[in-house]
Amino acid sequence: MKPTILVLGGGIGGISTARELSRKIGNEDGINLARILVFEKEKSSLYAPSLTWMMVGKREEKQVYGDLSDVELGGIEVIHGEIQSIDPENRAVISNGTEYRGDYIVISLGTKLTDIYNLSRYGHNFYTPAGASSFYEDLQQFEGGEIAVVVSSLPHKSPVAPYEAALLIDDFIREKEIRHKTGITLYTPETGPMDFASEEISGKVRRLMEEKEIHYKPEHTLITAEKNSLTFSRPGNKNVKAAFDLLAFTPKHTAPDLIREAGLTGTSGWVEVDEQTLQTTHDNVFAIGDIISLPVGDGKTLPKAGVFAQYQADTVAHNIARMLRGKQPNKMFEPKGSYILDQGDKASKVDGDFNAEELKIKTSSMIRHWEKVLTEKAWFLKNF
Ligand SMILES: Cc1cc2nc3c(=O)[nH]c(=O)nc-3n(C[C@H](O)[C@H](O)[C@H](O)COP(=O)(O)OP(=O)(O)OC[C@H]3O[C@@H](n4cnc5c(N)ncnc54)[C@H](O)[C@@H]3O)c2cc1C
């Protein structure tokens with residue numbers, strides 16, 4: 001029997017794992033040394049970093065998805081359907097009523113997203129293609145007034161996405177020449193932009209928002225939402241109300257229910273893994289991407305970002321390929337990477353080791369905007 005690897009989730013982490021595994025194991029068309037089964041409930045694979053562009057009409061729905069049938073090469077098979085349960089002890093999963101067993105499992109099931117305070121009645125959840133697209137429909141009709149971008153709870157994936165959304169909305173509204181009669185406000189429970197970052201980085205993002213006249217309201221925790229009105233609690237038990245005409249919001253993020261039911265979550269509510277090998281408390285069961293919680297210096301946690309899901313996929317795929325050859329794992333995950341904050345025609349880049357003080361923000365330039373576009377193009381070209 002060929003060794004079998006079960007990859008749970010066909011998003012950024014899952015697709016990266018399957019592709020890397022196939023390459024590193026030495027699978028070729030017709031010569032498959034191992035079976036790689038990718039389990040995915042959706043028909044296509046979403047590239048979520050493009051959703052902020054979708055909000056302002058720079059991407060259409062069909063441009064943010066990869067076709068999963070294009071992944072089925074080099075021993076990779078896609079099992080369509082919702083995974084109902086995971087048995088990590090026996091390295092088994094049930095999908096469509098069928099049990100699949102593997103020698104290794106890599107879990108990359110992302111986050112469960114929930115709209116809280118009935119926000120979807122009054123605004124748009126831009127963390128989904130449907131919400132990003134309906135926001136754009138309303139933005140096109142918008143003739144001036146108050147636009148609110150609201151972080152409804154922490155943590156959320158992509159620490160820069162709400163800031164990027166506000167900056168791209170600003171860019172769109174300026175193009176439409178209605179900036180003089182439009183207020184844009186970003187409300188968040190964070191104490192400052194990107195709470196994982198240093199004061200220097202946080203300060204630079206604040207100044208960027210100020211330059212664009214975007215009102216920034218940190219330490220605003222949403223407590224109720226009504227038509228055209230939001231209420232936030234502030235430190236010191238003060239409540240403040242804010243009016244809006246158009247609303248984009250992030251949903252609440254939690255680990256998917258089946259992960260909790262499988263006993264895979266730790267005290268953080270997320271899957272806790274070995275920081276270097278990304279193995280869970282079960283042998284040969286690994287978890288990567290948004291579903292895990294990784295501590296980095298100073299009691300902070302690594303941001304939930306596609307760039308880390310990809311590096312974690314590389315680490316796990318490399319080590320599984322070695323173990324299949326009877327060798328010891330020798331690649332350890334390091335939380336190094338870069339993250340681009342687009343503003344329309346320019347972008348800034350946060351870059352470095354997320355474990356250390358040396359994390360830097362590089363100033364806005366057109367080249368960095370194109371770097372973000374090329375990263376998206378490379379994702380689709382490499383994987384689909
Ligand atoms: C608006 C926005 C902007 C972003 N911008 C950036 C950026 O600029 N840079 C960056 O690095 N990151 C960015 N991100 C974050 C990035 O998209 C995520 O960190 C990344 O997708 C995480 O990969 P993952 O594999 O953990 O989860 P996902 O990519 O979410 O994949 C999880 C997959 O599991 C599937 N699944 C879940 N449950 C089941 C089940 N029971 N059965 C079968 N399948 C299931 C889901 O359908 C999904 O396809 C952004 C995210 C958003 C929302």
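**View 1. Polar contacts of the ligand.** An oxygen atom of the ligand is 2.6 Å from an N or O atom in the side chain of Glu-40. The protein covers 92% of the 1000 Å² of accessible area that the ligand has on its own (Shrake-Rupley method, 1.4 Å probe). This is a predicted model, in which local features need pLDDT of at least 70, side-chain atom pairs count only at pLDDT 80 or more, and totals for chains, interfaces and linings use all residues. Residues are numbered from 1 along each chain as its sequence is written, and side-chain values use heavy atoms, without hydrogens or water. A backbone N or O atom of Ile-12 lies 3.1 Å from a ligand oxygen. A polar backbone atom of Lys-41 is 3.1 Å from a ligand nitrogen.

**View 2. The shell around the ligand.** The ligand has 32 residues around it (a heavy atom within 4 Å). Gly-13, Glu-40, Ser-108, Asp-290 and Lys-372 come nearest. Domain 1 (4-111 + 255-336) and domain 2 (114-252) each give at least three shell residues. α1 (12-25), β2 (35-40) and α8 (306-324) each supply at least two; helices are DSSP runs of H or I with at least four residues, strands runs of E with at least two.

**View 3. A cis peptide bond.** Leu-154 to Pro-155 is cis, with omega near -5°. Pro-155 lies in the loop between β12 (145-151) and α5 (161-175).

**View 4. Positive phi at Arg-91.** Phi of Arg-91 is near 45°, in a residue other than glycine. Arg-91 sits in the loop between β6 (83-87) and β7 (92-95).

Terms used. Polar contact = N/O pair within 3.5 Å; in protein donor to acceptor, adjacent residues only side chain to side chain. Domains from an automatic or database assignment.
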